[in-house]
Amino acid sequence: MNTLLAPQRPSGLPDTLRLPSRDTRTSLLDRLALHLGLWLLLWSTRTPRLADDRRRHAQAYRHQESTAQRERAYLREAALAPRP
């Protein structure tokens, strides 16, 4: 389509898509509300760092480490045992 042949809006008529009573700028209160809403949406979608409390997490970690240490000791002893 050639834009030179397209119907043009006469320059004397106002744009019908905009309301003449509306200001084109957003008020400070509206901008603050939008920023606060966006911050709350971002904050609500974040994942918590630790689901369990610290004490239970530390206890589970110590239990896991002691189990792994016992397994390593058993495998070392099995590898060093004399073969019949």
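How much area does the protein chain expose, and what share of it do carbon and sulfur atoms supply? The protein chain exposes about 9300 Å², and carbon and sulfur atoms supply 59% of it; accessible areas come from the Shrake-Rupley method with a 1.4 Å probe, and for residues only the protein chains shown count as cover. The model is predicted, so local features need pLDDT of at least 70 and side-chain atom pairs count only at pLDDT 80 or more, while totals for chains, interfaces and linings use all residues. Residues are numbered from 1 along each chain as its sequence is written, and side-chain values use heavy atoms, with hydrogens and water left out.

The protein chain contains two helices and zero strands, taken as DSSP runs numbered from the N terminus (helices: H or I, at least four residues; strands: E, at least two). Of its 84 residues, 1% count as buried (buried: under 20% relative accessible area; exposed: over 50%; partly exposed: in between; 1.4 Å probe, protein chains only).

Helix α1 covers residues 28-44 and includes Leu36. Together with Trp39, Leu40 and Trp43, Leu36 makes a nonpolar surface patch of about 460 Å². Patches are made of residues with over 30% relative accessible area and no salt bridge, where like charges are joined within 9 Å and nonpolar side chains (Val, Leu, Ile, Met, Phe, Trp, Tyr) within 5 Å. Two members of this patch, Trp39 and Trp43, sit four residues apart in helix α1, about one turn of the helix. The count of aromatic pairs comes to one: the rings of Trp39 and Trp43 have centres 6.3 Å apart and planes at 15°, so the pair is stacked. Here, rings of Phe, Tyr and Trp (its six-membered ring) pair if their centres lie within 6.5 Å; planes under 30 degrees apart count as stacked, over 60 as edge-to-face and the rest as tilted. Trp39 counts as exposed because its relative accessibility is 51%, whereas Trp43, at 46%, counts as partly exposed.

Helix α2 spans residues 54-80, and its end C-alpha atoms are 39 Å apart, which agrees with the 39 Å expected for 27 residues at 1.5 Å a residue (1.5 Å times one less than the number of residues). The count of buried residues in α2 is zero. Ser66 lies in this helix and is partly exposed at 26%; the side chain of Ser66 reaches the backbone oxygen of His63 at 2.9 Å.

The structure holds one salt bridge, a side-chain nitrogen of Lys or Arg within 4 Å of a carboxyl oxygen of Asp or Glu. Arg56 forms it with Asp53, with the closest N and O atoms 3.4 Å apart. Asp53 is partly exposed at 41% relative accessibility.

How values were computed
Polar contact = N/O pair within 3.5 Å; in protein donor to acceptor, adjacent residues only side chain to side chain.
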